[in-house]
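Colleague: I'm new to this, so please walk me through the model. I'll just fire off questions as they come.

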Amino acid sequence: MGNPAPMGIYGTHLRPRLHTFALNDRLTGEVRDRVCSGLTGDVLEIGYGSGLNQPHLPSTVRGVWAVEPSATALRLGEARRAASAVPVVVAGDDAQTLPFPDDRFDAALCTWVLCGIPDPGAALAEVARVLKPGAALHFVEHGLAPEPTVVRWQRRGNRINRVIAGCVLDNDVRGLLDRSPLSVTALTAYYQKGAPKPSAHMYEGRATA
């Protein structure tokens, strides 16, 4: 899960560990398998975190260029990177300003990231810029629920969730994608089983440049 550049002991050292625990493979592995399916060539991953997607990358991936603001998260992922046949280049810390030329990547990946980026629209525009024409962003994000009662709880919980997890609960994922230069080609919305509804509404799919 992505977050703005962390500050303080909690944000720097503890929040990345919370993300790694809360999004562990037992809870999210099946989703990661689906989202990573079909990735190929050179892949941009924004919000790389501690590399939880690394074991789910198909053999068709030639390399991953990781954008991640947390040095602690990157350290937590060292063993996953070492165990993976897919090389990783740590290549930036801000998805809103990517250090790559236009039309650079064959695919892009983000999993539980947009909720914590200060300007997610800028990040999606940058992803669209660096993807080759017709290349796809593979994504899963939690965000705005379809039920007004759940939305009210999401908005009530935003303040504490920003402090604890570094992100918002009511991110309008569909709206962000529709306003971006990307075109949504597949989208499934659902509640993740076993999680509280305010944090469990997921948007999973693909969007092409």
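Colleague: What's the relative accessible area of K197?
Modeller: K197 comes out at 38%, so it counts as partly exposed. The cut-offs are under 20% relative accessible area for buried, over 50% for exposed, and partly exposed in between, with a 1.4 Å probe and protein chains only. One thing up front: this is a predicted model, where local features need pLDDT of at least 70 and side-chain atom pairs count only at pLDDT 80 or more, while totals for chains, interfaces and linings use all residues. Also, residues are numbered from 1 along each chain as its sequence is written, and side-chain values use heavy atoms, leaving out hydrogens and water.

Colleague: Which residue does K197 form a salt bridge with?
Modeller: With E147; the closest N and O atoms are 3.3 Å apart. K197 lies in helix α8 and E147 in the loop between β5 (131–142) and α6, so the pair ties together parts that are 50 residues apart in sequence. Salt bridges that share partners also join D42, R62, R104, D106 and K132 into one network.

Colleague: Hang on, what counts as a salt bridge, and what counts as a helix?
Modeller: A salt bridge is a side-chain nitrogen of Lys or Arg within 4 Å of a carboxyl oxygen of Asp or Glu. Side chains of opposite charge can pair when their charged atoms come close. Helices (H or I, at least four residues) and strands (E, at least two) are DSSP runs, numbered from the N terminus.

Colleague: How many salt bridges are there in the whole structure?
Modeller: The search finds eleven. One of them links R34 and E30, with the closest N and O atoms 3.6 Å apart. R34 and E30 are separated by about one helical turn, because they sit four residues apart in helix α2 (residues 25–36). R34 is partly exposed at 37%, while E30 is exposed at 60%.

Colleague: What does R129 pair with?
Modeller: R129 forms a salt bridge with E126, and the closest N and O atoms are 2.8 Å apart. Both lie in helix α5, three residues apart, or about one turn of the helix. E126 has a relative accessible area of 14%, so it is buried, whereas R129 is partly exposed at 25%.

Colleague: New topic: where does helix α6 bend?
Modeller: At N158, by about 50 degrees; α6 covers residues 148–165. The bend is the angle between axes fitted to the seven residues ending there and the seven starting there. Just after α6, G166 takes a positive phi of about 80 degrees.

Colleague: And which elements do the buried residues of α6 pack against?
Modeller: They pack against α1 (8–22), β6 (183–191) and α8 (197–200). Among those buried residues are V150, V151 and Q154, and the bend residue N158 is listed too.

Colleague: What about the nonpolar patch on the surface, which residues form it?
Modeller: Y10, L14, I160, V163 and I164, with about 450 Å² of accessible area together. Patches are made of residues with over 30% relative accessible area and no salt bridge; like charges are joined within 9 Å, and nonpolar side chains (Val, Leu, Ile, Met, Phe, Trp, Tyr) within 5 Å. The areas come from the Shrake-Rupley method with a 1.4 Å probe, and for residues only the protein chains shown count as cover. The largest share, three residues, comes from α6. V163 is in helix α6 and counts as exposed, at 54% relative accessibility.

Colleague: How many disulfides does the count give?
Modeller: Zero; a disulfide would be a pair of cysteine sulfur atoms within 2.5 Å.

Colleague: Why does C36 miss out?
Modeller: Because the closest cysteine sulfur, in C110, is 11 Å from the sulfur of C36, too far for a bond. C110 is in no disulfide either, with the nearest cysteine sulfur, that of C115, 9.6 Å away.

Colleague: Last one: is V64 buried or exposed?
Modeller: V64 is buried, with a relative accessible area of 1%. V64 is found in strand β2 (residues 61–67). Not counting residues up to four places away in sequence, V64 touches V43, E45, Y48, L57, V86, P87, V88 and V89, where contact means heavy atoms within 4.5 Å.
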